[in-house]
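Student: Could we walk through this structure together? I'd like to start with the overall fold and then look at single residues.

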Amino acid sequence: MDWGYILDFIYEAAYLLGVFGFFIFIAVWKGRQTTINLILGLYLALLITLEFPNYELIFGNLDSTTDAAAKLGFFGIITLLTTTLFWRIMPDEFKEKKFESFGRKILLAAAATVLMMIFSFHVLPVTDFLSPGTPVQSLFAPAKYFFWWLLVPLVVLYAV
């Protein structure tokens, strides 16, 4: 193990923990229903992003860093729109305090984190910013695990 590998692992672990921290903050601040809406919005954003017509034509003329940032921004906008859609059609928030049912909020935040991690390594160009070959990528990046990782948040939604 050299220092580069250790720094890459720390960088990816910080990314993973940052994503989890973001989702746990949303779950505590806005509640479980918002996190559920966000998970469903992420699923719909994945579908729209994968099947968007002329996706490569729109983003194909940019250099690699600008292309990656533009694709991430596009995915973020689509996720915001789809989450807003689910916020409008789903029932009202659960009547609970910030730290009530904290275990369920942690499970929902973990499910949303799993979605973001597999999207990062399979759909979004986040790998342009991260170095390959670290343990976090070996967990989420193999294509043979993509389908199974997509099922994990659905199981969590069913259980919660």
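Student: What pattern does the chain follow along the sequence?

Tutor: Happy to help, and keep in mind that this is a predicted model. The chain has 7 helices and 0 strands. Read along the sequence, that gives the pattern α-α-α-α-α-α-α.

Student: How does the radius of gyration compare with the globule rule for 160 residues?

Tutor: The C-alpha trace spans about 45 × 40 × 25 Å along its principal axes. The globule rule gives 15 Å for 160 residues, and the chain comes close to that, so it is as compact as a globular protein of that length. The radius of gyration of the chain is 17 Å.

Student: Is Phe23 buried or exposed?

Tutor: Phe23 sits in helix H1, which covers residues 3-30. Its relative accessible area is 3%, and buried means under 20%. Therefore Phe23 is buried.

Student: Which residues is Phe23 in contact with, leaving aside its neighbours within four places in sequence?

Tutor: Contact here means heavy atoms within 4.5 Å. With those neighbours set aside, the partners of Phe23 are Leu38, Leu42, Ala109, Ala112, Thr113 and Met116.

Student: And Leu7: buried or exposed?

Tutor: Leu7 is also found in helix H1. Together with Phe9 and Ile10, Leu7 forms a nonpolar patch on the surface, with about 290 Å² of accessible area. The relative accessible area of Leu7 is 53%, and exposed means over 50%, so the word for Leu7 is exposed.

Definitions and conventions:
Residues numbered from 1 in each chain as written. Predicted model: local features only at pLDDT ≥ 70, side-chain atom pairs only at ≥ 80, totals over all residues. Heavy atoms only, no water. Helix = DSSP H or I, 4+ residues; strand = E, 2+ residues; numbered from the N terminus. Buried < 20%, exposed > 50% of the residue type's maximum accessible area, 1.4 Å probe, protein only. Patch = residues over 30% accessible without salt bridge, like charges linked within 9 Å, V, L, I, M, F, W, Y side chains within 5 Å. Areas by Shrake-Rupley, 256 points an atom, 1.4 Å probe, with all protein chains shown as cover. Salt bridge = Lys/Arg side-chain N within 4 Å of Asp/Glu carboxyl O. Rg over C-alpha atoms; globule rule 2.2 N^0.38 Å.
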